[in-house]
Amino acid sequence: MSNKLIALKRQSNIARQKIIEVTTEAESGHLAGSLSCIDILVVLYFRILKHNPKKPNWENRDRFILSKGHAAPAFYTALAMSGYFPEEELFTLRKINSRLQGHPDCKKLPGVEISTGSLGQGLSSATGMALGYKYDNKDGQIYCLVGDGECDEGQIWEAAMFASSNDLENITVIIDRNRYQIDGRTEEVLKLEPFKSKWNSFGWETKEIDGHNLEEIQKSLQNSRGRRVAIIANTVKGKGVSFLENNNKYHSKPCCGEDRKKAVDELCKKLELIE
């Protein structure tokens, strides 16, 4: 295993520990869906995005939009670990006067391109940004992370049509396909399959990947630059902690008491085995 991959695995593990710690401190927050997408965010912020934490409004940056805004604990953790704000501030999550609200607020926190949380709207914003970059001849890529349950929203598909209709070749959508939403399994709430065929039919080059395989994530994101690509990242809700995985009661519930210690201890043991 290369040193770069080892470093990435360590960052993902540490990020998971931080997500558990800060949501426990807040006594609230969307835990399981943050753990399902954190590998994607770590790869984006440490290997893919053209960005500068010291100049978050740098004109020629790539842009990332978290459409599934409830996964803010994962987003904040990636931003803090990248240097956008001090990591200690993570422990102010959801507290009064904190910049780290339950959903990202672009007026309060550097690195947040647009406030999100109302599901379905993030991809529309992303396609608008991609169109602006096209008109201005900027070479930046727009990346948008959406939830699979979020794809129940018609606005997602309107945005997908808009991107292909306008021949946008500078946008990547990543779908966190953990197969759960707040009401239960996605296929029981509103069937998405055949999911890949849907994205293809809307004019997107579509690929499926293991959303926890860091090498596969990096390769697929690198190859998407300069193209209109939908990446269906197959993930596990609550990934990384055995009793959280595919346990939908942790959709919007943090670990408490002994559960927090069990979760962090399990991750610490896994961290020791990374080599």
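User: Which residues does F64 touch, not counting residues up to four places away in sequence?

Analyst: Contact here is heavy atoms within 4.5 Å. By that cut-off, F64 touches L41, L44, Y45, L49, F75, E113, Y143 and L145. Keep in mind that this is a predicted model, where local features need pLDDT of at least 70, side-chain atom pairs count only at pLDDT 80 or more, and totals for chains, interfaces and linings use all residues. Residues are numbered from 1 along each chain as its sequence is written, and side-chain values use heavy atoms, with hydrogens and water left out.

User: What about the largest nonpolar core: which members touch the most others?

Analyst: In soluble globular proteins, nonpolar side chains tend to be buried together. A nonpolar core means buried Ala, Val, Leu, Ile, Met, Phe, Trp, Tyr and Cys residues joined through side-chain atoms within 4.5 Å; buried is under 20% relative accessible area, exposed over 50%, partly exposed in between (1.4 Å probe, protein chains only). Of the 55 residues in this one, L41, L44, Y45, F64, F85, I174 and L221 touch the most other members. Helix α2 gives the most, eleven residues (helices are DSSP H or I runs of at least four residues, strands E runs of at least two, numbered from the N terminus).

User: And how do I read a salt bridge, say D148 with R177?

Analyst: Side chains of opposite charge can pair when their charged atoms come close. The cut-off is a Lys or Arg side-chain nitrogen within 4 Å of an Asp or Glu carboxyl oxygen. D148 and R177 meet at 3.1 Å, N to O. D148 sits in the loop between β2 and α5 and R177 in strand β3, so the pair ties together parts 29 residues apart in sequence.
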